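Work through the exercises below with the model open. Each task is followed by a stepwise solution.

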Amino acid sequence: MDLDFTAEDRQFREDARAWLMANVTREPRPHEGRELREYDLAWQRKQYEGGWAGVSWPVEYGGLGLSLTRQLIWFEEYARAEAPDNHLCFVGLNHAGPTLIAKGSEEQKAYHLPRLLKGETVWCQGFSEPNAGSDLGSLRTKAEIDGDHLVVNGSKIWTSHGHLADFQELLVRTDPDAPKHKGISWVICDMTTPGMDLRPINIMTAPHHQHFVQVFYDDVRIPLSNVVGDLNDGWKVAMSTLGFERGTAQIKDQIRYAVLVERMIEEARARFGGNSPLSKDEIGSRLAQLRADMAAARAMTYMVVSRAQAGIQGSEASLMRAMVGEVQQRARRLALDIIGPDALENPEDDDRVFYYLRSYSITIAAGTAEVQRNIIGERVLGLPRG
Ligand SMILES: Cc1cc2nc3c(=O)[nH]c(=O)nc-3n(C[C@H](O)[C@H](O)[C@H](O)COP(=O)(O)OP(=O)(O)OC[C@H]3O[C@@H](n4cnc5c(N)ncnc54)[C@H](O)[C@@H]3O)c2cc1C
């Protein structure tokens, strides 16, 4: 593992820091709807026009063609500058894009990758179904070949921001007779295709902000040319998507939390000063533990990036996902404990309350903590299957 930064890496960091300092927008991010979409796409466009989009993506599709180390440095500076979390671009930039780079056809790459980098399109993920979440291989949404199209029928659930998306990375069963992991295909679904019905799902943390939809497909026709990788080989394609989702895609978030912990330390200092030894001791030791865990998570991030750079896209991403998810939940809880009863004053508008409630979902999204532990046990530690 090589953790050293070269002189060029350090220069890259300085340039990134200077650009971010001059360009990060301080406009508050809207919580929902078309305004949210416009905000996130505009910020992505600004990064593209500034020459900073797609740091590790191939040059021929609009990226900078640089190493994953530089991508890591960019994420670090991005988080340090507290640049907006353009979450609507997350699926496109962090898993659909990398999946297309790894498995897409020339036409698919040429069409989609530049649009993603320029902030022109939003993608969503259509993997989970009402009876296929952790056991994704049991998915039943079927697609039958009719001429040069697939005809899709079924339903996907928990589709984040599906109602604001242009495209969906969709997993469908194309061979019902094959063993369950062998008859699946990964396809690009245009969200404007006739036959799609999007129904909102309300959730506790955002009763006024639509986050999820359930999507119903009724004879939805998707060109066969939208299959990514080979027909019936979608499980392998999906595993590379999930590898990105659980690994490198988490880096920016993880660094963002390290910045948050430093802010929490400042806030605790300002609130408690030297006068409240009991709470200071309790909060102080939890903050110290959190800072140490963040340092460990960062070392693990470097390991995952370093191995990915060497072409090893392994299950250790699950290690990072499992550890970081739990550390993030503790950070959100501690942020509330520092402000104490003040958290109850304005809970609707207080981001700290919102993110605390939302933190429960961190160990569910992108594969639950239990599933990550199964993967670590079986594929990293080599334990027998339970
Ligand atoms: C914030 C958020 C955003 C999401 N966005 C999307 C999205 O955009 N697109 C999408 O497709 N999906 C999305 N999901 C869905 C997510 O991928 C699933 O919720 C997740 O995979 C779990 O599936 P499930 O909800 O069906 O739970 P289940 O699989 O039914 O699991 C229920 C419980 O059983 C446990 N369990 C299940 N199997 C095992 C096992 N083998 N060993 C031990 N324990 C087990 C689980 O850990 C869990 O505690 C999102 C979820 C969240 C919370």
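**Exercise 1.** Classify Ala366 as buried or exposed, and find its place in the fold.

*Solution.* Step 1: take the relative accessible area of Ala366, which is 17%. Step 2: apply the cut-offs: buried is under 20% relative accessible area, exposed is over 50%, and partly exposed lies in between (1.4 Å probe, protein chains only). Ala366 is therefore buried. Step 3: place Ala366 in the loop between α10 and α11. Helices here are DSSP runs of H or I with at least four residues, strands are runs of E with at least two, and both are numbered from the N terminus. Step 4: check the backbone. Phi of Ala366 is near 60°, a positive value in a residue other than glycine.

Two notes on the numbers. This is a predicted model, in which local features need pLDDT of at least 70, side-chain atom pairs count only at pLDDT 80 or more, and totals for chains, interfaces and linings use all residues. Residues are numbered from 1 along each chain as its sequence is written, and side-chain values use heavy atoms, with hydrogens and water left out.

**Exercise 2.** Where does His161 lie, and what is its phi?

*Solution.* Step 1: locate His161 in the loop between β3 and β4 (167-173). Step 2: read phi, which is near 55° for His161, a positive value in a non-glycine residue. Step 3: check burial. His161 has a relative accessible area of 11%, so His161 is buried.

**Exercise 3.** Describe the surroundings of Thr363 and Ile362 in the loop between α10 and α11.

*Solution.* Step 1: assign the loop. Thr363 sits between α10 (351-359) and α11, and Ile362 is in the loop between these helices too. Step 2: test burial. Thr363 has 18% relative accessible area and is buried. Ile362, at 14%, also counts as buried. Step 3: list contacts (heavy atoms within 4.5 Å), leaving aside neighbours within four places in sequence. Thr363 touches Gly325, Glu326, Gln329, Thr368 and Ala369. Ile362 touches Tyr257, Arg321, Gly325, Gln328 and Gln329. Step 4: look for a polar contact, a pair of N or O atoms within 3.5 Å; within protein, one must be able to donate a hydrogen and the other to accept it, and residues adjacent in sequence count only if both atoms are side-chain atoms. The side chains of Thr363 and Gln329 make one at 2.9 Å.

Step 5: turn to helix α10. Its buried residues are Val353, Phe354, Tyr356 and Ser359. They pack against α9 (316-339).

**Exercise 4.** Which residues come nearest to the ligand, and which polar atoms lie close to its oxygen atoms?

*Solution.* Step 1: collect the shell, meaning residues with a heavy atom within 4 Å of the ligand. There are 15 residues, and Ser128, Ser134, Trp158, Thr368 and Glu370 come nearest. Step 2: read the distances.

- A polar backbone atom of Phe127 is 3.0 Å from a ligand oxygen.
- An N or O atom in the side chain of Ser134 is 2.6 Å from a ligand oxygen.
- A polar side-chain atom of Thr368 is 2.6 Å from a ligand oxygen.

Step 3: assess the cover. On its own the ligand has 980 Å² of accessible area (Shrake-Rupley method, 1.4 Å probe), and the protein covers 63% of that. Step 4: assign elements. β3 (149-160) and α11 (369-380) give two or more residues to the shell. β3 gives the largest share, 3 residues. Step 5: sort by type. The shell has 5 nonpolar, 9 polar and 1 charged residues. Here Ala, Val, Leu, Ile, Met, Phe, Trp, Tyr, Cys and Pro count as nonpolar, Asp, Glu, Lys and Arg as charged, and the others, Gly among them, as polar.

**Exercise 5.** Which residues touch the most other members of the largest nonpolar core?

*Solution.* Step 1: define the core as a set of buried Ala, Val, Leu, Ile, Met, Phe, Trp, Tyr and Cys residues joined through side-chain atoms within 4.5 Å. Step 2: name the hubs. In the largest core, of 49 residues, Trp123, Leu171 and Trp186 touch the most other members. Step 3: note the second group. Apart from that core lies another, of 25 residues, including Ala16, Trp19, Tyr302 and Met320.

**Exercise 6.** Is Val380 buried, exposed or partly exposed, and what does Val380 contact?

*Solution.* Step 1: place Val380 in helix α11. Step 2: Val380 has a relative accessible area of 37%, so Val380 is partly exposed. Step 3: beyond neighbours within four places in sequence, Val380 contacts Ser315, Glu316, Leu319 and Ile375.
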